[in-house]
Structure formats: C-alpha cells, structure tokens
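User: I would like to learn how to read surface patches and burial in a structure. Could you take me through them one feature at a time?

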Amino acid sequence: MVWVEAAMIIGFYYTYTATRAVADGSVPDALAVGWDLVRIQADLHLNAERGLNHWLQGIPVLAVASCYYYATLHFIVTPAVLVWLYRKRPGHYLRARWTIMCATVISLVGFILLPTAPPRLLPGAGFVDTMASFHDWGWWGGGSSAAPRRLAGLANQFAAMPSLHCAWALWCGWCVARFARHRWVRTLAVIYPGTTAFVVMATANHYVLDVVAGWVVLGLGALLTAAVTRVAHRRGRRDGRADPVDQRAGPQRAGPQRAGPQRAGQQAQPAAIVGTAAAHPPASTNIHRTRPGPTRCM
C-alpha cells in the first residue's frame with residue numbers, strides 16, 4: 001500500500017536525521033572506533049582498503065567511474081528493484097520489502113549506538129578521499145562523500161558501520177538473481193554486491209568489517225521477516241480451523257464417502273432423494289400391480 005511506503009520513507013528520514021545529530025556530537029568517539037577497526041583488521045590481516053584505495057587513485061578514469069557508481073546506483077537500483085518486485089513479482093514483494101526495511105532499521109540503530117568514522121576521515125591513516133579528489137567531475141561536494149554540493153549538512157559523515165550500501169546491494173542482487181527471467185540480468189545481479197563492496201572500500205568510504213556487517217544486517221533482517229511471516233501464517237491457519245463453516249462440515253466427514261469430504265447440505269440431498277423415491281414409487285409400477293385385480297373378479 002502506498003501509505004505504508006510513504007510512512008517508511010518519512011520514518012527513515014527522521015531517524016537518519018537523528019543519527020546525524022548524534023554523530024555530530026560524538027566526533028572523538030567516531031574517530032576512536034575507526035582506529036579500533038583499523039587495528040582489528042590489521043591483526044586479522046583484513047586491511048585491504050588502503051591498497052585498493054591507492055590503486056584506484058592511480059587510475060583516474062576508473063576512480064571517476066567509481067565515484068559516480070557510489071553516488072548514484074545506491075539511490076537508483078534499490079527503488080527500481082522495489083518497483084519491479086511490486087509490479088512483476090507481487091507475491092514476493094511484501095517479504096522483500098519487510099526484509100530491507102528491517103535491515104535498514106537495524107543499520108540506523110547501529111549508526112546511533114556506534115558512530116564510526118570512515119577511512120577517508122581518519123587523519124594520518126594514509127587513505128585518500130577519492131570522492132573529494134574528483135569532486136570537480138561530479139555533483140558531490142569535496143567533503144561530504146556522495147551528498148550534493150550545498151547539501152553536505154544532510155549527510156551523516158560517521159555512518160560507516162554497518163555499510164548500508166552493501167546491505168542494500170546484496171538485497172538487490174539476491175532479489176533480481178532469484179526472480180529475474182533473463183540470464184544476463186541474473187548475472188549482473190550476482191556481480192552487483194561484489195562490485196559495490198569494491199567501490200565502497202576503494203573510495204575509502206568503508207572498512208572490510210563494515211561490508212561484512214552490512215551483509216550480516218541484511219541476513220538478520222531476512223531472519224526477522226521470516227520469523228514474523230511464519231507466526232502470521234500459523235495464526236492464519238488457526239483462524240481458518242475456527243471458521244464456523246468448517247466446524248459445521250466436521251461431523252459430516254465421519255460417514256463413509258468415496259467422493260471426498262462434502263458440506264452438510266451437499267450430503268443431505270442424495271439421502272432426501274432416495275427417501276422420496278422409496279415413499280413414492282413410479283406411477284408405472286402401481287399401474288402394473290393393479291391391472292390383474294379386475295380380471296380376477298370376472
């Protein structure tokens with residue numbers, strides 16, 4: 001329903017606004033969390049972002065393409081997949097919508113509870129802000145990542161953990177790969193989450209653990225949606241068994257029937273016909289029995 005989607009958008013906007021206000025008031029904490037992630041990934045040998053970032057910076061054409069990818073597809077592909085599911089796969093739309101909604105809500109809670117500075121904002125960490133380096137090639141500002149110029153205040157600069165880009169990209173890839181008909185479309189859907197993960201790390205907007213956390217958040221959203229759907233189905237079946245029509249039909253199923261269970265009205269009809277036939281035999285039979293009477297009297 002349209003009002004549900006409208007309410008979701010409004011709710012997400014104001015929740016995201018709240019995360020920005022919280023993050024702006026805890027910049028030191030956000031930087032500390034960013035440094036913690038760098039150290040943890042170094043210990044786990046997962047610190048691939050700096051190498052990808054420097055490699056991408058050395059190929060300007062690919063860097064500009066990655067900037068456009070980061071600034072556009074996140075806001076185009078996701079709504080397009082939602083509309084496509086609604087129109088072409090309506091039977092799967094509600095579950096898919098609630099899955100991405102739950103994942104987004106979990107991510108917004110994470111932004112509030114754990115503000116995290118992205119790699120590009122860590123001073124002295126050796127990362128290059130790719131979006132800022134090539135901001136003259138696009139509409140994004142020099143210090144606000146994907147936010148348009150003069151709208152930098154709308155973006156939460158410390159919403160790195162988890163990566164909502166990666167969560168939404170995996171959701172899009174899963175839905176399209178599962179329900180699309182053409183093989184080439186399904187192939188693009190499979191490639192899309194991995195490409196998004198590369199872009200967000202190579203542009204120094206997210207850590208490896210941000211990407212993993214985004215995928216985990218989507219999995220939690222899917223599990224939560226499945227659990228709620230299962231409970232709703234059980235309640236629906238329980239309500240169906242309590243239906244008065246089913247209760248009336250129950251006693252009629254006890255008798256032997258070859259044609260399968262039928263309702264009470266449908267079973268009573270053959271019995272009534274048989275009784276009527278026995279009480280009132282055909283007229284031809286009565287005539288046959290009364291004809292010999294007069295002959296005997298003669």
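User: Which residues form the positive surface patch here?

Analyst: A patch of this kind joins like charges within 9 Å, on residues with over 30% relative accessible area and no salt bridge. In this predicted model, the positive surface patch is formed by R95, R178, R230, R234 and R237. Helix α9, spanning residues 208-241, supplies the largest share of that patch, namely three residues.

User: Where does R178 lie, and is R178 buried or exposed?

Analyst: R178 belongs to helix α7, which covers residues 164-179. The term exposed is kept for a relative accessible area over 50%, and R178 counts as exposed because its value is 52%.

User: How should I read T229 in helix α9, and is T229 buried or exposed?

Analyst: Here the relevant cut-off is the lower one, since buried means under 20% relative accessible area. T229, a residue of helix α9, has a relative accessible area of 19% and is therefore buried. As for its contacts, the side chain of T229 reaches the backbone oxygen of T225 at 2.7 Å.

User: Which residues make the nonpolar surface patch?

Analyst: For nonpolar side chains the joining distance is within 5 Å. The patch in this model is made by V105, V109, I112, L113 and L114, and its area is about 400 Å². One of these residues, V109, is found in helix α5, residues 90-113. Partly exposed describes values between the buried and exposed limits, so V109, at 41% relative accessibility, counts as partly exposed.

Technical notes:
Residues numbered from 1 in each chain as written. Predicted model: local features only at pLDDT ≥ 70, side-chain atom pairs only at ≥ 80, totals over all residues. Heavy atoms only, no water. Areas by Shrake-Rupley, 256 points an atom, 1.4 Å probe, with all protein chains shown as cover. Salt bridge = Lys/Arg side-chain N within 4 Å of Asp/Glu carboxyl O. Lys, Arg positive; Asp, Glu negative; His and termini not counted. Charge placed at Lys NZ, Arg CZ, Asp CG, Glu CD. Helix = DSSP H or I, 4+ residues; strand = E, 2+ residues; numbered from the N terminus. Buried < 20%, exposed > 50% of the residue type's maximum accessible area, 1.4 Å probe, protein only. Polar contact = N/O pair within 3.5 Å; in protein donor to acceptor, adjacent residues only side chain to side chain.
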